[in-house]
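Student: Could you take me through the model that is about to be shown, beginning with its aromatic rings and then turning to its interior?

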Amino acid sequence: MKGHGAAVVAGVVLAAGRSVRYDGHLKQLIDWDGEPLLVRTIRTALASRLDQVVVVLGHAADEISPLLAGLGVEEVRNPAYATGLASSVRAGLSAVQASAQAALFLPADQPFLTSGLLDRLICAYAASKHRIVLPAAGGHPGSPVLWDRSLFGELAGLAGDTGGRSLLKRFGSQILAVEVQDPLELADLDSEQDHRRLLAELAGRGCKG
């Protein structure tokens with residue numbers, strides 16, 4: 001197992017959405033530093049301590065699926081993706097291996113996410129009794145979010161366009177926040193405006209994207 005003594009954790013990459021806020025473009029296929037954004041996310045997940053990586057596809061699955069060939073991930077299709085995020089969460093949970101103690105849900109649109117941060121979340125979970133572990137920047141929670149198996153039933157019971165964040169207030173005492181030094185690591189691309197803004201910030205730091 002990749003955990004090297006840490007907890008056994010499965011990663012679930014949520015990539016079934018229609019990217020409606022991205023002016024009709026498939027956000028999963030947007031080029032970022034020479035590769036599709038989804039592939040970048042998957043490579044980050046595979047380079048971490050995650051023992052399994054599941055990718056949930058839905059909208060344009062036939063177009064996106066070839067990108068996964070040879071990467072060593074498990075593809076799950078969500079035919080009900082149009083009903084909202086909850087259906088993708090359930091689809092991902094259905095593929096999580098029985099030995100997994102927790103699942104780490106990753107959005108497909110965080111280009112600055114690092115395997116190091118994923119490892120910090122996994123190790124923080126393994127070293128604590130908290131059932132939910134997430135990153136935070138300046139006290140503000142972000143993604144990805146790790147969920148203990150004991151909460152899988154709660155996640156599976158979500159409906160509509162609702163993800164696990166709707167449960168955070170309910171289980172507030174169970175949350176462990178792992179602070180990140182650079183808020184950019186938690187930034188996501190919800191729109192082309194976000195894309196331009198992040199590229200401008202990168203340019204200001206002398207980086208490329």
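**Aromatic pair and nonpolar cores**

Tutor: A search of the whole structure finds one aromatic pair, where rings of Phe, Tyr and Trp (its six-membered ring) pair if their centres lie within 6.5 Å. This is a predicted model, in which local features need pLDDT of at least 70 and side-chain atom pairs count only at pLDDT 80 or more, while totals for chains, interfaces and linings use all residues. Residues are numbered from 1 along each chain as its sequence is written, and side-chain values use heavy atoms, with hydrogens and water left out.

Student: Which geometry, stacked or edge-to-face, do the rings of Trp 32 and Phe 112 have?

Tutor: Planes under 30 degrees apart count as stacked, over 60 as edge-to-face, and the rest as tilted. The ring centres of Trp 32 and Phe 112 are 5.5 Å apart and their planes stand at 90°, so the pair is edge-to-face.

Student: Where in the chain do Trp 32 and Phe 112 lie, and how many residues apart are they?

Tutor: Helices (H or I, at least four residues) and strands (E, at least two) are DSSP runs, numbered from the N terminus. Trp 32 belongs to strand 2 (residues 31–32), whereas Phe 112 sits in the loop between strand 6 and helix 4. The pair therefore links distant parts of the chain, its members being separated by 80 residues.

Student: Why does Trp 32 count as buried?

Tutor: Buried means under 20% relative accessible area, exposed over 50%, and partly exposed in between (1.4 Å probe, protein chains only). Phe 112 is buried, with a relative accessible area of 14%. Trp 32 counts as buried because its relative accessibility is 1%.

Student: Which element gives the most to the largest nonpolar core?

Tutor: A nonpolar core is a set of buried Ala, Val, Leu, Ile, Met, Phe, Trp, Tyr and Cys residues joined through side-chain atoms within 4.5 Å. The largest one has 33 residues, of which Val 9, Leu 38 and Val 55 touch the most other members. Several elements each supply at least two residues of this core, including strand 1 (9–15), helix 1 (37–46) and strand 4 (52–57). The element that gives the most, with six residues, is helix 4.

Student: How many residues of helix 1 are buried?

Tutor: The buried residues of helix 1 include Leu 37, Leu 38, Val 39 and Ile 42, and Thr 41 and Thr 44 are also among them. Helix 1 is mostly covered, and of its 10 residues the number buried is seven.
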